[in-house]
Amino acid sequence: RILSLQANRLPGDPCPGVVMVLHDVTELRRLENMRREFVSSVSHELKTPLAAVRAYTETLQLGAVEDVENRGYFLSQIMDSADRLNDLIQDMLHLARIESREEAFDITEVPVAGVIEKCLHTQRDTAAARQIALRIHPPDEEISVLGDEEGVRTILSNLIDNAVKYTSEGGTVDVAWGEEGSHVAITVKDTGIGIPQAALERIFERFYRVDKARSREMGGTGLGLSIVKHTAQAMEGEVTVQSQVGEGSTFTVRLPRG
Ligand code: ADP
C-alpha cells in the first residue's frame, strides 16, 4: 500500500508534540492511472480515423479529385472514417453518462421476450447473409425483468451483435432466458471464435479487444462490453462469460425479476 505521511506540530502547542496523519493514497493512485490510461487510449482511437480523413482528403486535393475511377473510393473511405469517429464519440458519451449516473433510468417491469424480438429484428439480415442461425428459446411462461427498457435493449443488442459478429458462416446463436431465484438469467450463446482464457477478465475493459484489427474491420469500438457491464450494474444486475477458443462463447446477464 502507498501511504503519504504528514507530520505537523500543533499551532500554539507549547510542548513539542507531533501529530502524524497517515493517508492511504493507493486508491487515488489507481484512479489517476486509470484516468491517464483512458485519455491515452481515447487519443489513440480518435487519431486513426482522423489521420485517414486527412490522408484521403489530401490525396483528393493533390489531383485524385479528377480521377473519375478512384475518387468515389476515396470519398467512401472518408465517410467510413467519419462514421467511425461518430460511433466512438457516441459510445464514449454513453459510457460517461452511465458511469456518472446521469443516464435517466426508468425502472419498470420489462417483458424479456419483447425486447429480444426487437434486438433480433435488427440482426436477422446480417445473420442470414452469413448463414448464421439465430434462434430463441423462450420459457413456457412470459417473464419480466425489473429494469430500464432502453438499458435492457442496450445490453442484449450488444451481446447479440457480438455473437453474430464473432461467429463464422454457418454457425449458430442461441438466446435463452429463464428465472433464477430472484433474478432472470438471459444467455446469448454462440458457436464463434471464442475468447482465450487470459483475455476473459479483460474483455469488459474499455477499448480492450482480443484482435484489434478484426474488431475494427467489423466496425467495433471496443466499448460495447463496458457499456453492457455498467448498464447491468446500474440496474443491480451482472454479466458473466464462459468461452472456449474455437468452440464459442456464452454471455449470461442476470437482472432482477419483475
Ligand atoms: P468490439 O467493439 O471490439 O466488439 P466489445 O467491447 O463489444 O468491443 O468486445 C470486446 C472484445 O471482446 C472484442 O473485440 C472481442 O475480441 C471479444 N468478444 C466480445 N464478444 C465476443 C464473442 N461473442 N465471441 C468472441 N469474442 C468476443
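These exercises, each with a worked solution, walk through a predicted model.

Before you start, note that residues are numbered from 1 along each chain as its sequence is written, and that side-chain values use heavy atoms, with hydrogens and water left out. Because the model is predicted, local features need pLDDT of at least 70 and side-chain atom pairs count only at pLDDT 80 or more, while totals for chains, interfaces and linings use all residues.

**Exercise 1: the setting of helix H6**

Work out which residues of H6 are buried and which elements they pack against.

Step 1. Let's fix the terms. Helices (H or I, at least four residues) and strands (E, at least two) are DSSP runs, numbered from the N terminus. Buried means under 20% relative accessible area, exposed over 50%, and partly exposed in between, with a 1.4 Å probe and protein chains only.

Step 2. The buried residues in H6 are Gly224, Leu225, Ser226, Ile227, Val228, His230, Thr231, Ala232 and Ala234.

Step 3. Helix H6 spans residues 224–234, and nine of its eleven residues are buried, so H6 is largely enclosed by the rest of the structure.

Step 4. The packing partners of these buried residues are two helices, H2 (71–99) and H4 (149–165), and two strands, E8 (238–244) and E9 (248–256).

Step 5. Zoom in on one member: Ser226 of helix H6 has a relative accessible area of 1% and is therefore buried. Contact means heavy atoms within 4.5 Å. Setting aside residues up to four places away in sequence, Ser226 touches Leu95, Phe204, Glu205 and Arg206.

**Exercise 2: the ligand and its shell**

Find how many residues surround the ligand, and which are the closest.

Step 1. A residue counts as near a molecule or strand if one of its heavy atoms lies within 4 Å of it. The ligand is surrounded by 21 residues, and the closest are Tyr166, Asp190, Ser215, Gly222 and Leu225.

Step 2. Now look for polar contacts, pairs of N or O atoms within 3.5 Å; within protein, one must be able to donate a hydrogen and the other to accept it, and residues adjacent in sequence count only if both atoms are side-chain atoms. Lys165 places a polar side-chain atom 2.9 Å from a ligand oxygen atom. Backbone N or O atoms also take part: one of Gly224 lies 3.3 Å from an oxygen atom of the ligand, and one of Leu225 lies 2.8 Å from an oxygen atom of the ligand.

Step 3. On its own the ligand has 540 Å² of accessible area, and the protein covers 97% of it. Such areas come from the Shrake-Rupley method with a 1.4 Å probe; for residues, only the protein chains shown count as cover.

Step 4. Sort the shell by element: H4, H6 and E9 are the elements that give two or more residues to the shell around the ligand. H4 supplies the largest share, three residues.

**Exercise 3: positive phi values**

Locate Gln131 and Glu236, and say whether each is buried or exposed.

Step 1. Some background helps: most residues other than glycine have a negative phi.

Step 2. Gln131 has a phi near 50°, a positive value in a residue other than glycine. Gln131 sits in the loop between helix H3 (112–129) and strand E4 (133–137), and is exposed, with a relative accessible area of 54%.

Step 3. Glu236 has a positive phi near 65°. Glu236 lies in the loop between H6 and E8, and at 64% relative accessibility counts as exposed.

**Exercise 4: three residues and their contacts**

Compile location, accessibility and contacts for Glu45, Val241 and Val210, leaving out contacts with residues up to four places away in sequence.

Step 1. Glu45 belongs to helix H1 (residues 26–61) and, at 3% relative accessibility, counts as buried. Glu45 is in contact with Leu88, Phe207 and Lys212, and with three arginines: Arg84, Arg209 and Arg216.

Step 2. Val241 has its place in strand E8 and counts as buried at 17% relative accessibility. The contacts of Val241 are Ile195, Leu200, Ile203, Phe204, Thr250 and Phe251.

Step 3. Val210 lies in the loop between strand E7 (183–190) and helix H5 (212–217). At 48% relative accessibility, Val210 counts as partly exposed. Val210 is in contact with Ile195, Pro196, Ala199 and Ile203.

Step 4. Finish with a distance: Val210 and Gly194 are 16 residues apart in sequence and 10.0 Å apart in space, C-alpha to C-alpha.
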